[in-house]
Amino acid sequence: MTRRFAGGKLVIASHNPGKAREIAELLAPYGVAVTMAGALGLAEPEETGATFADNARIKALAAAKGSGLPSLADDSGLEVQALGGRPGVESARLAGPAKDFALAMRKIEDELKGARDRRANFICALALCWPDGECAAFEGRVDGTLVWPPRGARGFGYDPVFVANGHAITFGEMAPEKKHAISHRADAFRKLVAACFGGAP
Ligand code: IMP
């Protein structure tokens, strides 16, 4: 039986303001009082894990130990089939220190060298950890294909080149509420909420 969140404060273990806001919005219907790791002055641990789940756990555990409060972390990225799952946990790093995702998308397109297999998926790993070291882990996924050139200015990261299966437009062209209904993050959150926050709002 997965440990449940007993109420009170929850730390969002992310120093990415956009992602932290999205997590806070997804948890709002459950009456959870959230605090950001940055606001508590918690340091950002190095993401040394080999998997999304490892990295989510590293971030959530560091925040839980540092704050003495249950903490939630998200680690996510893009996996391209023809590249053996890359960039994977390197998804953010591929954009370089300037976080240039136009460049990162171009690098992937160049590496594909016209490959016919355009399948890709996003993964979102969530870890909810308590200060005593116990963690609950959840993973969400959305499958699709890569298109070129990039389309749409909505969303972030690799959204302009990703078309989810069953759809004709990229995540970059999709209304945010529509993306949030089918995304890897929404999938992972549904599992987290069902197990730890008492099901539907
Ligand atoms: P993280 O902050 O280490 O988890 O890195 C996540 C990276 O994966 C982001 O910087 C994006 O490049 C990519 N990514 C994750 N989720 C999405 C998404 O929903 N759309 C587009 N890119 C995403």
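What covers the buried residues of α1? The cover includes β1, β2, α2 (52–67), β3, α4 (176–182) and α5. The legends below describe close-up views of this predicted model.

**View 1. The protein chain, from end to end.** The chain holds 5 helices and 6 strands. Read from the N terminus, its elements follow the order β-α-β-α-β-α-β-β-β-α-α. The radius of gyration is 17 Å, close to the 17 Å that the globule rule gives for 201 residues, so the chain is as compact as a globular protein of that length. The C-alpha trace spans about 50 × 35 × 30 Å along its principal axes. Of the 201 residues, 44% are buried. Contacts between residues at least 6 apart in sequence were also surveyed: 61% of them join residues at least 24 apart. The accessible surface is about 9,700 Å². Carbon and sulfur atoms account for 54% of that surface.

**View 2. Strand β1 and its two partners.** Strand β1 (residues 9–12) is joined to strand β2 (residues 33–36) by 4 bridges. These two strands run parallel. I12 has M36 of β2 as its bridge partner. Strand β1 is also joined to strand β3 (residues 71–80), here by 2 bridges. This pair runs parallel too. V11 has S71 of β3 as its bridge partner. In a regular strand the side chains alternate between the two faces of the sheet.

**View 3. Helix α1 in its β-α-β unit.** Helix α1 (residues 17–27) forms a right-handed β-α-β unit with β1 and β2. Its buried residues are K19, A20, E22, I23, A24 and L27. An α-helix has 3.6 residues a turn, so residues three or four places apart point the same way. In the buried set, K19, I23 and L27 can be followed along the helix. Among the elements that cover the buried residues are the strands β1, β2 and β3. Helices α2, α4 and α5 also belong to the cover.

**View 4. The largest nonpolar core.** This core has 21 residues. L27, L72, L192 and F197 make the most contacts inside it. At least two residues each come from β1, α1, β4 (119–129), β5 (135–146) and α5 (184–196). Helix α5 gives the most, with 6 residues. Apart from this core lies another, of 19 residues. L112, V142, L146 and A164 are among its members.

**View 5. L192 and its contacts.** Which residues does L192 touch, not counting residues up to four places away in sequence? They are L27, L72, L126, L128, F138 and F197. Three of the names, L27, L72 and F197, recur with L192 among the residues with the most contacts inside the largest nonpolar core.

**View 6. G77 in strand β3.** G77 lies in strand β3. Is G77 buried or exposed? Its relative accessibility is 7%, so G77 counts as buried. Leaving aside neighbours within four places in sequence, G77 is in contact with F52, G88, S91, N121, F122 and I123. G77 and Y158 are 81 residues apart in sequence. Their C-alpha atoms are 8.8 Å apart in space.

**View 7. D159 in a loop.** D159 sits in the loop between β5 and β6 (162–164). This loop residue is buried, with a relative accessible area of 2%. Leaving aside neighbours within four places in sequence, D159 is in contact with F122, R154, T170, F171, G172 and K179. F122 is also one of the contacts of G77.

**View 8. R116 at the surface.** R116 lies in the loop between α3 (101–112) and β4. Its relative accessibility is 83%, so R116 counts as exposed. R116 and A6 are 110 residues apart along the chain. A separation of 49 Å lies between the C-alpha atoms of R116 and A6.

Notes. Residues are numbered from 1 along each chain as its sequence is written. This is a predicted model: local features need pLDDT of at least 70, side-chain atom pairs count only at pLDDT 80 or more; totals for chains, interfaces and linings use all residues. Side-chain values use heavy atoms; hydrogens and water are left out. Two strands pair if DSSP finds at least two bridges between them. A crossover is right-handed if, with the strands pointing away from the viewer, the path from the first strand over the helix to the second runs clockwise. A nonpolar core is a set of buried Ala, Val, Leu, Ile, Met, Phe, Trp, Tyr and Cys residues joined through side-chain atoms within 4.5 Å. Buried means under 20% relative accessible area, exposed over 50%, partly exposed in between (1.4 Å probe, protein chains only). Contact means heavy atoms within 4.5 Å. The radius of gyration is taken over C-alpha atoms; the globule rule is 2.2 Å times the number of residues to the power 0.38. Accessible areas come from the Shrake-Rupley method with a 1.4 Å probe; for residues, only the protein chains shown count as cover.
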